[in-house]
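Reader: Could you take me through the aromatic ring pairs here, one by one, with the geometry and the surroundings of each ring? I would love the cut-offs along the way.

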Amino acid sequence: MPLYKTVHLSPTRLLVLLLEAGMDTTTSSGLWQSTSIQYHSVNENPLSSEPHLQIIHQQQRHCYGSTSQGEFPLAASPSIVLHVLTECYLDPQDLARLEASSRFFRQPANFSPDFNLSISELAALDMCQSRAVFKPMTQSERETLKERCGGSWKLVLRFLIAGETCYRREKCQAIAGPGHSVVVTKSGAVYTFGSNTSGQLGHGTTEEEWRPRLIRSLQGIRIIQATAGAGRTMLISDIGQVYAFGKDSFGDSEYGVDGSRTATTPQLVESLKGIFAVQAVIGNFFTAVLSREGRVYTFSWGSEATLGHQTEPHDQEPHLLKGDLENVPVVQIAAGYCYLLALTCQPSGMSVYSVGCGLGGKLGHGSRTDEKYPRMIEQFKHLKLEPVVIAAGAWHAAVVGKDGRVCTWGWGRYGCLGHGNEECETVPKVVESLLAVKAVHVTTGSEACKPAKARTSGFIEAEAGTGCPDQSDKLNILERSHLCLDRVGKTLRIRSWRQRAAWDRAPCLSKREGKSRTC
């Protein structure tokens, strides 16, 4: 007869048991009601560096419960506790709660690679090291990221998890642009189909593809993220390299420029070789790239110091986004027509910044004025909503909160904000009709906003391309391509359809070549 039996515990139940076993009487009161969680380790008296003294000290380590003094059995084997915390993938906030509950989780654990780190910090570091983005970083780069995130490995873990939540890094993707679609498989292969007037499908031709076709020139390169714009596609590899094809200019609008060059196969962006990229977005007069350290770089669209720098429309060099975001880690970026959104992860919580053209109220600051430097959207504090996913459409934007609420703002034509009217909203507003739904993701297009809701069988997600339709054919009719992933049981189906719809001129459109721009 076995002397023990295996018990399977959820991370939440494990946290409760650990707290019950190791809670200090001085910190047990009001811990779960606290609204501010301290993520930084509190180093108490360090253990002796002599090995035999360490063993004696560990054997004598005691914790005190809420009623009477008693020995905490796991204190004799802290390596077991570290293994459990790491393997159960506790949330960084739960690790911070453990540190706040007991001296055992706060004091130095005397484990490599840093003998001064607590068990909670070591668990966070171990979970960071399991992330594909974190693995190739040097020790110096890791320390720099740690300081940028706030000086704690728990905050670094929170930053990495937030990025994975936003655009599902390391998973399959389906992206629908204004005229073509891109599918990235879990293995990193890329399929494209649709319009190909500028070579944006990457097959070496400018012929349309009516069925998904594999980009064979990317053989041996694992792609983890893709973005599609009007006549242009960009891909991010697992080693942070950026490939672009289609219109050979980061600053071309969707109207194109007569005589502009095109690339019909994926080309490595040489100017980004020194930057490990994790996400790219395409606006219409600019392109933006997010580095793994949470820095935002932009190309072009620098007239009148827009986006904080002065450049020519066809500038091929990346420029660090100036202003408040220079020293704030960004986990996701989203681009619409002449504006950019950035989701940040700070010790105080998640925030959204916006910069660019403010027509229609799409920057979310309560006005329609432009912003040349990133500015935090304050409305989320008033709504008591912590944003976790952002989406930027052509004229409106959307956010999903940690509690599942959805907020939209900007141009309200066709009821695309979901508030039951066509009014413009200059600050984020909760979509009341979705309060019964816990949203996990949201996407926006030219005139539509589509949230994805959690279900027992998975979720359904539809994504429409950002930016404005391609009018190079001089037609006032838009032929848009939509792509939808539908999870039915264990089967993932791809459904596509084409829709013809009249497109009304939006308030922020630039004029054709030779005319002045309105934004």
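Author: Happy to; here is a walk through the ring pairs and the parts around them. This is a predicted model, in which local features need pLDDT of at least 70 and side-chain atom pairs count only at pLDDT 80 or more, while totals for chains, interfaces and linings use all residues. Residues are numbered from 1 along each chain as its sequence is written, and side-chain values use heavy atoms, with hydrogens and water left out.

A pair of aromatic rings is described by the distance of the centres and the angle of the planes. Rings of Phe, Tyr and Trp (its six-membered ring) pair if their centres lie within 6.5 Å; planes under 30 degrees apart count as stacked, over 60 as edge-to-face and the rest as tilted. Five aromatic pairs come out under this rule.

Take Phe134 and Trp153: their ring centres are 6.0 Å apart and the planes stand at 90 degrees, so this pair is edge-to-face. Phe134 belongs to the loop between helix H6 (119-129) and helix H7 (139-149), whereas Trp153 is in helix H8 (residues 153-167), and the pair links these distant parts of the chain, 19 residues apart. Helices (H or I, at least four residues) and strands (E, at least two) are DSSP runs, numbered from the N terminus. Both Phe134 and Trp153 are buried, that is, under 20% relative accessible area, with exposed meaning over 50% and partly exposed in between (1.4 Å probe, protein chains only).

The pair of Tyr337 and Trp395 is tilted, with 4.6 Å centre to centre and 35 degrees between the planes. Tyr337 lies in the loop between strand E15 (330-336) and strand E16 (339-346), and Trp395 in the loop between strand E19 (387-392) and strand E20 (396-401), so the contact ties together parts 58 residues apart in sequence. Tyr337 is buried at a relative accessible area of 0%, and Trp395 counts as buried at 3%. Ring pairs also bring in Trp411, giving a cluster of Tyr337, Trp395 and Trp411.

The strands E15 and E16 that flank Tyr337 belong to an open sheet of four strands, ordered E15-E16-E17-E18 with antiparallel pairing; two strands pair if DSSP finds at least two bridges between them. E15 and strand E18 (371-376) stand at the edges with a single partner strand each, so one side of each has no neighbour in the sheet. E16 and strand E17 (residues 349-356) pair over eight bridges in the antiparallel sense, and Gln346 stands opposite Gly349 in E17.
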